[in-house]
Amino acid sequence: MITNHFYNRTIRKIVVAFGTLFNEINLIRYNKAGNVEYERIKVPLVYASKEKFLTRTTSDPTLTKSIATTLPRMSFEMTGLEYDSSRKQTSLTKNFAYNTTTDSYNSQYAPIPYNFDFTLSIYVRNQEDGTQILEQILPFFTPDYSVVVDFIPEMGLKHTVPIILNSVASTIEYEGASSEGTTRLIVWDLTFSAKGYVWPRSEEHTSELQ
């Protein structure tokens with residue numbers, strides 16, 4: 001039976017680490033000659049599902065909202081997770097850490113490997129904005145980019161988490177009912193897998209290790 005509540009926030013830390021990769025992307029717009037900058041935008045990033053974000057972005061109950069003024073934008077969400085047996089460690093492996101403040105030891109069994117699936121969606125008004133944002137992301141994934149996450153501070157457990165870019169696809173929405181209408185917005189969807197872990201409960205020992 002599963003008893004004794006614990007919460008290591010390991011899943012939350014993976015979500016935060018993923019989002020942090022994309023929260024400093026800038027979009028620069030130039031004149032027609034392409035040599036004079038006239039606008040610089042830090043692209044906003046939020047945690048939200050694509051469907052809800054699209055509804056919020058394109059809804060216009062007062063008929064006064066301009067889609068162009070709300071773009072570019074980005075959103076991301078964790079879409080699933082799957083146990084990764086290829087990275088499984090021996091179940092009885094234990095880690096230990098000494099706490100000098102309390103003169104005690106913490107122990108914890110080995111983490112359980114999971115692959116976390118993410119989708120990053122980029123919303124732009126035109127292809128040029130979309131490709132400029134993509135070129136600030138794609139070169140870093142070959143096909144993976146690794147981040148270091150401090151999963152269990154009291155155990156001193158920092159792990160490198162590879163984040164793999166799996167696919168890139170785009171869709172176009174139109175103002176009209178068909179593709180003959182005016183382009184409303186372009187959406188780029190990038191899917192990723194993060195090779196992370198979920199940790200069991202840690203225990204404190206006041207006596208000497210046996």
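These exercises work through local features of one predicted model. Local features need pLDDT of at least 70, side-chain atom pairs count only at pLDDT 80 or more, and totals for chains, interfaces and linings use all residues. Residues are numbered from 1 along each chain as its sequence is written, and side-chain values use heavy atoms, with hydrogens and water left out.

**Exercise 1.** Place S121 and decide: is S121 buried or exposed?

Solution.
- Locate it. S121 sits in strand β7, residues 112-124. Strands are DSSP runs of E, at least two residues, and helices are runs of H or I, at least four, numbered from the N terminus.
- Check the area. S121 has a relative accessible area of 2%, so it is buried. Buried means under 20% relative accessible area, exposed over 50%, partly exposed in between (1.4 Å probe, protein chains only).
- Check its side chain. A polar contact of 2.7 Å links it to the side chain of D189. Such a contact is a pair of N or O atoms within 3.5 Å; within protein, one must be able to donate a hydrogen and the other to accept it, and residues adjacent in sequence count only if both atoms are side-chain atoms.

**Exercise 2.** Find which residue caps the N-terminal end of α4.

Solution.
- The cap is N126. A side-chain oxygen of N126 lies 3.2 Å from the backbone nitrogen of E128.
- Next, list the buried residues of α4: D129, G130, Q132, I133 and L134.

**Exercise 3.** Examine the backbone at P143 and R9.

Solution.
- The T142 to P143 peptide bond is cis, with omega near 0°. P143 lies in the loop between α4 (127-134) and β8 (144-152).
- R9 is not a glycine, yet its phi is positive, about 60°. R9 belongs to the segment before α1 (10-20).
- R9 has 44% relative accessibility, so it counts as partly exposed.
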